[in-house]
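Here is a short note to read alongside the model. Please keep the structure open while going through the points.

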2 protein chains.
Amino acid sequence: MTAFTCYNPVKLVFGKGMIAELKTLIPPDVTVMVTYGGGSIKQNGVYDQVCAALAGRTVIEFGGIEPNPRYETCMRAAALAKKEGAGFLLAVGGGSVLDGTKFIAVAARYGTGDPWAIMEGRAPVSDAVPLGAVMTLPATGSEMNTFAVISRDSTGEKLAFASPHVYPQFSILDPETTFSLPDRQTQNGIIDTFAHVMEQYMCAVGRAPLTERMAESVLLTLVEEAPKVKASPDDYEVRANLMWCATVGLNGWLGCGVAAQDWATHMIGHELTALYGIDHARTLAVIMPAVHRHQLARKLPRLAQCAVRVWGIQTGDDAARAAQAIDRMEAFFQAVGVPTRLSDYDIDADEAGRRVAERLAQRGAKIGEYGDLGEQAVREIVALAR
Amino acid sequence: MTAFTCYNPVKLVFGKGMIAELKTLIPPDVTVMVTYGGGSIKQNGVYDQVCAALAGRTVIEFGGIEPNPRYETCMRAAALAKKEGAGFLLAVGGGSVLDGTKFIAVAARYGTGDPWAIMEGRAPVSDAVPLGAVMTLPATGSEMNTFAVISRDSTGEKLAFASPHVYPQFSILDPETTFSLPDRQTQNGIIDTFAHVMEQYMCAVGRAPLTERMAESVLLTLVEEAPKVKASPDDYEVRANLMWCATVGLNGWLGCGVAAQDWATHMIGHELTALYGIDHARTLAVIMPAVHRHQLARKLPRLAQCAVRVWGIQTGDDAARAAQAIDRMEAFFQAVGVPTRLSDYDIDADEAGRRVAERLAQRGAKIGEYGDLGEQAVREIVALAR
């Protein structure tokens, strides 16, 4: 096991009716800015529950944070938070709303200059408005981590930052709030969670036996629960299981003692979203099988382990098992209802590969668990997803 | 899944050489009181590493905290901490040292009256001296939880308390510090960890699929790693795996969404330690198989699941698998090197059962996952461990 620090001070409050706990979770006597997205929370009762819990407080609102939250939108929200002296930000919605709110929290406390410097890694995060979340879409794990991904129109960039200053003080997860999710969002959440676990687990360097088994626990639970949700979208247990998987998938636990992580799929996927507007999770379903096929020789022992423990494959040698594990993963994505090929989106794989590879090379991105996947390798990977 | 709150703000710093991090982890300009046990830290180099990291600071020491830390000892330490104005307590040692230090932290900030009232549940914890730990014995999970168990000579009691005020601010775990542990301590740590996981996992009420699999992950890793340690006590990877298992075994993660926990084994075991002086872990190895055999019918589904997933038992019906799972657990304890019967300690099971049952009944203890195991049931359980 590699040396590690495990630190996660988020108070996760999980269960039916827990939105009422906002009463005690948000400090009194501060102006609360509630942030949200396209307004689905006003249809599904979540907004009403939040308002009821915040009755009697000074509350302002900022709606309209979009999927793949935009820098331009967040900067308007940060200006409002500053102007109104917001002392607490409450994100109500999915990972995009919370990611956007994390950036708003930092931007509202940023001195002079453009806080985009943080996204470019040119400025540190030294302060943020305290924040919390009511999470209505299990997917990103943002409810219990320090990450946020923000897109910028003017440059076509999609970048990530991380800081302990943007740990939510609390996150409320009520599985009932996910009953009314569109199928597409539910599917995306399952794929996103699965991919987060894989990016941490599917490396060949070093061993962390307990942490690996915990990663496999999330994968096994997703494989077991995902097929049930379409027929029973209001089954509390199924929704709760998917939600808990999403949180554990990216709250740091699965990185403890792990020598290397990969994230090649996410880096390539982010470029496909920026270039072609494909949903984040859907880019992962397209790219992850291709990354694993391209890197099969290097990832062989872990892929073979995954074959046995997650997919129950008992026959064949390690190479055969590894190849089958990738096929089973791709079939799982398709069974969830998510396409796994660029042709499903009418995108030319060769052109996409060229454009993605160029953009990543321009930023000097280190790609893959060894950080050594260059332009040629990226083009080959994208080509495998044709 | 049952509603739950997951909150654990401990910063766990895990790996070789991490004791040097004390420099940055302990706030400057406070008097640090270092607490420890019988002095093994002075033989194995840990004390020297701590002194080097604290060079230039105001440090006082309190040694001699015993296994099953005693109230009387802790009260002397609390008096010293008060007198010297200790602003930070650093526990260096195993779970007993840290448990004792948690009580010292509370007692040093307790107003008038006897802080034993906290142990009896008659007074709340409202304050504690900030504390941290250098953990040298993987077992109790105390490094990342709010629990402490304290014994009192004058009454022969052994009681537990819990409070978020005694979360360590940090815990440093360097697996190398465990290379020199006596076999007996290593064995006890493995049993203690195994039992902690089981007490949270082995219940029949409700389902929490991901959390159950995480519990099985710890059990599987213990079963895999435990046989290696006697032959290779200085194998870093084996020691690291056992240490990480101990922390995850009782840091709250395995309780997330779980409807009921049991802890009957611990409650009965504590009485056996108080009455006969048997090591804590060794009482668990004796009592846990007996509890499971006594409660087999009620715990059948989970025992059968454990049989398949942890012990790889594929044959027989659920009842046969469940019975086999208990036999395999008892055989595992014995293979670790720990006896599993009261007769191994020359203790009369009938008399022990009578005395334990009386003591628990006097305190009105609620025992078992349903809290309904009365005097008769406790006598029967202890008799099964003859």
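The points below take up the symmetry of the two chains, then two backbone spots in chain A.

1. **Status.** This is a predicted model. Please read every point with that in mind.

2. **Symmetry.** How does chain A relate to chain B? A turn of 180°, with a shift of 0.0 Å along the axis, lays chain A on chain B. The RMSD of that fit is 0.0 Å. The two copies are therefore related as by a two-fold rotation axis.

3. **At the axis.** Look for P9(A). Its C-alpha is the one in chain A nearest the axis, at 2.1 Å. Both copies use the same surface: 100% of the contact residues of chain A recur in chain B.

4. **Phi in general.** Most residues other than glycine have a negative phi. The next two points concern exceptions.

5. **W263(A).** This residue is not glycine, yet its phi is positive, near 70°. W263(A) sits in the loop that runs between helix 9 (236–249) and helix 10 (264–276) of chain A. Is W263(A) buried or exposed? The cut-off for buried is 20 or more other C-beta atoms within 10 Å. W263(A) has 21 such neighbours inside 10 Å, so it counts as buried.

6. **D346(A).** Here too phi is positive in a residue other than glycine, with a value near 55°. Where is D346(A)? It lies in the loop between helix 13 (318–336) and helix 14 (349–362) of chain A. A residue is exposed if 12 or fewer other C-beta atoms lie within 10 Å. D346(A) has 7 C-beta neighbours inside 10 Å and therefore counts as exposed.

Conventions. Residues numbered from 1 in each chain as written. Chains lettered and ligands numbered in written order. Predicted model: local features only at pLDDT ≥ 70, side-chain atom pairs only at ≥ 80, totals over all residues. Least-squares fit on C-alpha atoms with pLDDT ≥ 70 in both. Contact = placed C-beta atoms within 7 Å. Helix = DSSP H or I, 4+ residues; strand = E, 2+ residues; numbered from the N terminus.
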